[in-house]
Amino acid sequence: MQIQINTGSGIHGGEDLMRWAEAEIASVLDRFSEQLTRVEAHLTDQNGDKGGPEDKQCVLEARPAGQHPVAATHRGETLEEAVRGAADSMAHLLDSKFGRLHHAKGGETIRHMAAPE
């Protein structure tokens, strides 16, 4: 699973922020690493220099192998809160998505029974 971090204007932190965000996302989504080809994180500051509550945003886009991408967004007071929240949301989304893939249509498991003698 490849993780790519993108930052918008107003986001400062350089390599330390990039390494931390990549490690945080990898730790939360590690159990899906076999099923995901890439995860992109887009970090933005919604209000720029003005500040404000929950003005940091993280949008995660995950690309499951052979399927359409899925996205999760979280806003927080800090980038750390936004990244953790988006990663947790993505984990819940992927749990649901991959859980559905392992069930038969209609949610029932189909079992073949031997014909009565």
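Two residues are said to be in contact when heavy atoms of theirs lie within 4.5 Å of each other, and this idea will be used throughout the walk through the structure that follows. The model shown here is a predicted one, and its protein has two helices and four strands. Read from the N terminus on, these elements follow one another as β-α-β-β-β-α. Of the 117 residues, 32% count as buried, while the accessible surface comes to about 7600 Å², with 48% of that area belonging to carbon and sulfur atoms. Among the contacts between residues at least 6 apart in sequence, 52% join residues that are at least 24 apart.

A good place to begin is the sheet, in which four strands are arranged in the order β1-β2-β3-β4, forming an open sheet with mixed pairing. Its edge strands are β1 and β4, the latter covering residues 70-76, and each of these two pairs on one side only. Averaged over the sheet, and with direction ignored, neighbouring strands are turned by 15° against each other.

The mixed pairing can be followed strand by strand. Strand β1, residues 2-7, runs parallel to strand β2, residues 36-45, and six bridges join them; within β1, Ile5 stands opposite Ala41 of β2. On the other hand, β2 and strand β3, residues 56-64, run antiparallel and are joined by nine bridges, with Asp45 standing opposite Lys56 in β3. Helix α1 packs on this sheet, where it touches β1, β2 and β3, and its direction makes about 135° with that of β1. This helix, residues 14-29, also belongs to a left-handed β-α-β unit, which it makes together with β1 and β2.

From the whole we can now turn to single residues, starting with two in the helix. Leu17 has its place in helix α1, and because its relative accessible area is 10%, below the limit of 20%, Leu17 counts as buried. Apart from residues up to four places away in sequence, Leu17 touches Ile11, His12, Leu43 and Leu79. The fold also brings Leu17 together with a part of the chain far off in sequence, for the C-alpha atoms of Leu17 and Glu80 are separated by 9.2 Å, although these residues are 63 apart along the chain.

Glu24 is placed in helix α1 as well. Is this residue buried or exposed? With a relative accessibility of 17%, which is under 20%, Glu24 is buried. If residues up to four places away in sequence are not counted, Glu24 touches Val83 and Arg84. With Arg84 there is also a polar contact, made between the two side chains at 3.4 Å.

The last residue to consider lies in the sheet, for Gln57 is part of strand β3. A relative accessible area of 15% is again under 20%, and therefore Gln57 is buried too. Which residues, then, is Gln57 in contact with, leaving aside its neighbours within four places in sequence? They are His42, Leu43, Thr44, Gln46, Thr73, His74, Arg75 and Ala82. With one of these, Arg75, the contact is also polar, as the side chain of Gln57 and the side chain of Arg75 meet at 3.0 Å.

Note on methods
Residues are numbered from 1 along each chain as its sequence is written. This is a predicted model: local features need pLDDT of at least 70, side-chain atom pairs count only at pLDDT 80 or more; totals for chains, interfaces and linings use all residues. Side-chain values use heavy atoms; hydrogens and water are left out. Buried means under 20% relative accessible area, exposed over 50%, partly exposed in between (1.4 Å probe, protein chains only). Accessible areas come from the Shrake-Rupley method with a 1.4 Å probe; for residues, only the protein chains shown count as cover. Two strands pair if DSSP finds at least two bridges between them. A crossover is right-handed if, with the strands pointing away from the viewer, the path from the first strand over the helix to the second runs clockwise. Axes are lines fitted to C-alpha atoms, for helices over the stretch in contact, and angles run from 0 to 180 degrees between N-to-C directions. A polar contact is a pair of N or O atoms within 3.5 Å; within protein, one must be able to donate a hydrogen and the other to accept it, and residues adjacent in sequence count only if both atoms are side-chain atoms.
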